[in-house]
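Me: I am new to this structure and would be grateful for a close look at a single part of it. Please begin there and then connect that part to what lies around it.

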Amino acid sequence: MRQFAMIISLTAIGCGTAEPAGTGGVAVIDAGVTLGADTGPTPPDVGPPPGCDQDGDGFLALECDGNDCDDRDRSRHPEAAERCSFVDENCSGENNERLDCTFFAHGRQDLYRIDPFLNRVTPAGTLTTPDSRGVLDIDRDPNGRLIGVTREELLSFDERGRHEVVASIDTPANTNGLAIDSTGRIYLTQSETNNSRAYTVSLDGDVEVLGNLDPYRSSGDCVVLKDDSLLMTAPSDEGDLLVYVDSRDATPRVLGSTGFIKIYGLSASFGYLFGTTDEGRVLLIDANSGEAEELFRRADLRFWGAANGD
């Protein structure tokens with residue numbers, strides 16, 4: 001810490017007089033009174049010991065008896081704001097404390113919260129639908145509502161899975177993916193072997209063809225990233241592909257292979273792209289290359305869809 005010294009020197013100039021010679025008095029000269037003394041220059045700020053604050057965040061490394069848990073990353077230190085991630089930003093020894101870092105996924109009827117950072121799946125409730133129709137996929141709209149589609153309805157769900165009907169819809173055959181962009185525009189993708197298409201849907205239930213996805217088809221889901229890019233997974237012999245879909249006309253472009261199969265759920269959450277599979281796997285997917293890694297697996301569960309978490 002830089003130190004400052006304030007030196008105040010006051011000299012009182014006296015008005016003493018010398019009695020004239022011959023009067024018997026003694027001449028007195030007022031030499032002044034010094035209230036403060038100059039102690040010299042301020043010692044220089046020498047800073048932290050060499051190599052003890054390599055990232056320059058103002059906190060010393062653990063090796064220097066400091067409390068910076070990662071002296072190579074200036075975003076990690078005891079006063080950093082914690083965010084949903086795979087690292088402990090504030091060096092507390094816990095990760096993502098006091099944060100909700102979950103996204104929704106669903107099976108045939110069950111709704112789950114998945115925390116991909118803590119490898120945790122928590123039951124949230126049971127998806128209810130008119131006449132017990134199956135939910136094909138879910139996502140969150142810009143207002144945070146959980147929206148799902150069946151073969152006949154658009155539904156909104158609360159966080160326990162209870163529904164309200166948003167609109168009736170003539171859902172295209174073999175629809176298996178739903179995504180919602182930042183404007184509330186709904187996209188559907190389908191798994192038709194021939195002439196697979198992407199569609200847009202309004203909240204009134206009006207369906208329009210966006211374009212043809214050939215030679216690809218949806219393996220189970222589509223997703224909108226935070227920049228409104230539309231992606232989907234598509235089956236192939238090498239595993240599911242990650243495919244970019246042009247949101248203007250559905251022209252597809254392969255980004256790469258994930259190396260995993262049956263990716264039925266995609267979630268763009270907290271700055272990451274996650275996938276969930278019919279085999280209970282939770283994946284971390286590179287949104288640029290399609291490369292994926294398994295975070296954990298719940299072999300007792302099947303995930304048939306997922307929604308964005310934030």
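Reply:
**A residue in strand 8 and its surroundings**

A179 is found in strand 8, which covers residues 175–180. The model under discussion is a predicted one. With a relative accessible area of 0%, A179 is buried. Leaving aside residues up to four places away in sequence, A179 touches D139, R185, I186, Y187, C222, V223, V224 and L230. One of these contacts, V223, is 44 residues from A179 in sequence, yet the two C-alpha atoms are 5.0 Å apart in space. Another contact of A179 is C222, and this cysteine counts as buried at 2% relative accessibility.

V224, also touched by A179, leads to a wider grouping. V224 belongs to a nonpolar core of 14 residues, and A234, L241 and A250 are among the other members. In soluble globular proteins, nonpolar side chains tend to be buried together.

The core just described lies apart from the largest nonpolar core, which has 17 residues. Within the largest core, I114, V121 and F303 have the most contacts. The elements that give two or more residues to this core are strand 1, strand 2 (110–115), strand 18 (281–285) and strand 19 (292–297). The surroundings of I114 can be listed in the manner used for A179. Not counting residues up to four places away in sequence, I114 touches C101, T102, F103, A105, R120, V121, T276, V282, F296 and F303. Two of these contacts, C101 and F103, open further topics.

C101 takes part in a disulfide with C84, the S to S distance being 2.1 Å. A search of the whole structure finds one disulfide. A disulfide is a covalent bond between the sulfur atoms of two cysteines. The torsion about the S-S bond of C84 and C101 is about -85°, and the disulfide is therefore left-handed. Both C84 and C101 lie in the segment before strand 1, so the pair ties together parts that are 17 residues apart in sequence. C84 is buried, with a relative accessible area of 11%, and C101 counts as buried at 1% relative accessibility.

F103 leads to the aromatic residues. A search of the whole structure finds eight aromatic pairs. One of them joins F86 and Y272 in an edge-to-face arrangement, at 5.2 Å centre to centre and 85° between the planes. F86 lies in the segment before strand 1 (103–106) and Y272 in strand 17 (residues 272–277), so this pair ties together parts that are 186 residues apart in sequence. F86 counts as partly exposed at 34% relative accessibility, and Y272 counts as partly exposed at 23%. The rings of F103 and F274 have their centres 5.6 Å apart and their planes at 15°, so this pair is stacked. F103 in strand 1 and F274 in strand 17 are 171 residues apart, and their pair links distant parts of the chain. F103 counts as buried at 1% relative accessibility, and F274 counts as buried at 1% as well. F86, F103, F117, F270, Y272 and F274 form one aromatic cluster.

Charged residues remain to be described. Side chains of opposite charge can pair when their charged atoms come close. The structure holds 15 salt bridges. In one of them D100 pairs with R113, and the closest N and O atoms are 3.4 Å apart. D100 lies in the segment before strand 1 and R113 in strand 2, so the pair ties together parts that are 13 residues apart in sequence. R113 is buried, with a relative accessible area of 18%.

A further salt bridge brings together the side chains of D310 and K226, at 3.4 Å from N to O. This pair links distant parts of the chain: D310 lies in the segment after strand 20 (305–306), K226 lies in the loop between strand 12 (222–224) and strand 13 (230–234), and they are 84 residues apart. D310 counts as partly exposed at 48% relative accessibility, whereas K226 is exposed, with a relative accessible area of 52%.

The side chains of E279 and R281 also meet in a salt bridge, at 3.3 Å from N to O. E279 counts as partly exposed at 24% relative accessibility, whereas R281 counts as buried at 18%. Finally, salt bridges that share partners join D100, R113, R140 and E159 into one network.

Methods:
Residues numbered from 1 in each chain as written. Predicted model: local features only at pLDDT ≥ 70, side-chain atom pairs only at ≥ 80, totals over all residues. Heavy atoms only, no water. Phe/Tyr/Trp six-rings, centres within 6.5 Å; stacked < 30°, edge-to-face > 60°. Helix = DSSP H or I, 4+ residues; strand = E, 2+ residues; numbered from the N terminus. Buried < 20%, exposed > 50% of the residue type's maximum accessible area, 1.4 Å probe, protein only. Disulfide = S-S within 2.5 Å. Contact = heavy atoms within 4.5 Å. Core = buried A, V, L, I, M, F, W, Y, C linked by side-chain atoms within 4.5 Å. Salt bridge = Lys/Arg side-chain N within 4 Å of Asp/Glu carboxyl O.
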